[in-house]
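Colleague: I should be grateful for a close look at a single part of this model, followed by an account of its surroundings.

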Amino acid sequence: MLLKPDFNIESIYDIDIIELKKMGIKGLFFDLDSTLMKSKSGTFSFRTIQFLNDLKTNFELAIITNNKNINYINRAKSQIDIPVYHRAKKPDTKVLLKACKDLNLDPLNVAMIGDRPLSDILGGINANMATILVDSISKNDENFIVRFARFLERLTISK
Ligand SMILES: [Mg+2]
């Protein structure tokens, strides 16, 4: 099975806001680790916080993470004013659809953004959302094993 994200871009900062608006996108759901913050760092960069705050003027935002560590999640929550859903079990769609309901969004008007094809992108596709694959925000710091695992997972992406 090959996955086809609607956009395959280098980072969240390359998101084409005008194009998404044209597509009728009203909500942006972000994965947390390696998408918005370096994996296990627990801290958003200043640039990312500003970027998210700017996006809030155009879109409803949510963070949907498979992370289960409640201390880590609370730490992330304390830095931003965006709803965070944890234990999402992506590619399962239950939590994605719950967030749509909470924010009064039709999944067709939401884009799911993340670094993992088999959780973020597959989950978005399963939920009938637009999908945006980004490279890991920490790709330059990752060791060979992690990079190789990412390479293998990306074989599921159709060019
Ligand atoms: Mg991730």
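Which residues are the protein donors of the magnesium ion, and how far from it do they lie?

Modeller: In this predicted model, the magnesium ion has three residues as its protein donors: Asp-31 and Asp-115 each contribute an OD atom, and Asp-33 contributes O. These donors lie 2.1 to 2.2 Å from the ion. Along the sequence, the spacing of the donor residues reads D-x1-D-x81-D. Both Asp-31 and Asp-33 are buried.

Strand S2 spans residues 27–30 and supplies at least two residues of the largest nonpolar core. That core has 28 residues, and Leu-28 and Phe-30 are the members that touch the most others. At least two core residues also come from each of helix H2 (46–55), strand S3 (60–64), helix H3 (70–77), strand S5 (110–114) and S6. Beyond its neighbours within four places in sequence, Phe-30 has contacts that include Ile-12, Ile-15, Leu-52, Leu-55, Leu-61, Ile-63, Met-112 and Ile-113. Ile-64 is also in contact with Phe-30, yet Ile-64 belongs to a second, separate core of 15 residues, which includes Val-95, Val-110 and Met-129 as well.

Strand S6 covers residues 130–134 and contains Thr-131. With a relative accessible area of 1%, Thr-131 falls under the 20% limit and therefore counts as buried. Residues up to four places away aside, Thr-131 touches Lys-4, Pro-5, Asp-6 and Phe-7, together with Met-112, Ile-121, Gly-124 and Ile-125. Met-112 thus appears among the contacts of Phe-30 and among those of Thr-131.

Terms used. Residues are numbered from 1 along each chain as its sequence is written. This is a predicted model: local features need pLDDT of at least 70, side-chain atom pairs count only at pLDDT 80 or more; totals for chains, interfaces and linings use all residues. Side-chain values use heavy atoms; hydrogens and water are left out. Helices (H or I, at least four residues) and strands (E, at least two) are DSSP runs, numbered from the N terminus. Buried means under 20% relative accessible area, exposed over 50%, partly exposed in between (1.4 Å probe, protein chains only). Contact means heavy atoms within 4.5 Å. Donors are N, O and S atoms within 2.8 Å of the metal (3.2 Å for Na, K and Ca); water is not among the atoms, so sites may look incomplete. A nonpolar core is a set of buried Ala, Val, Leu, Ile, Met, Phe, Trp, Tyr and Cys residues joined through side-chain atoms within 4.5 Å.
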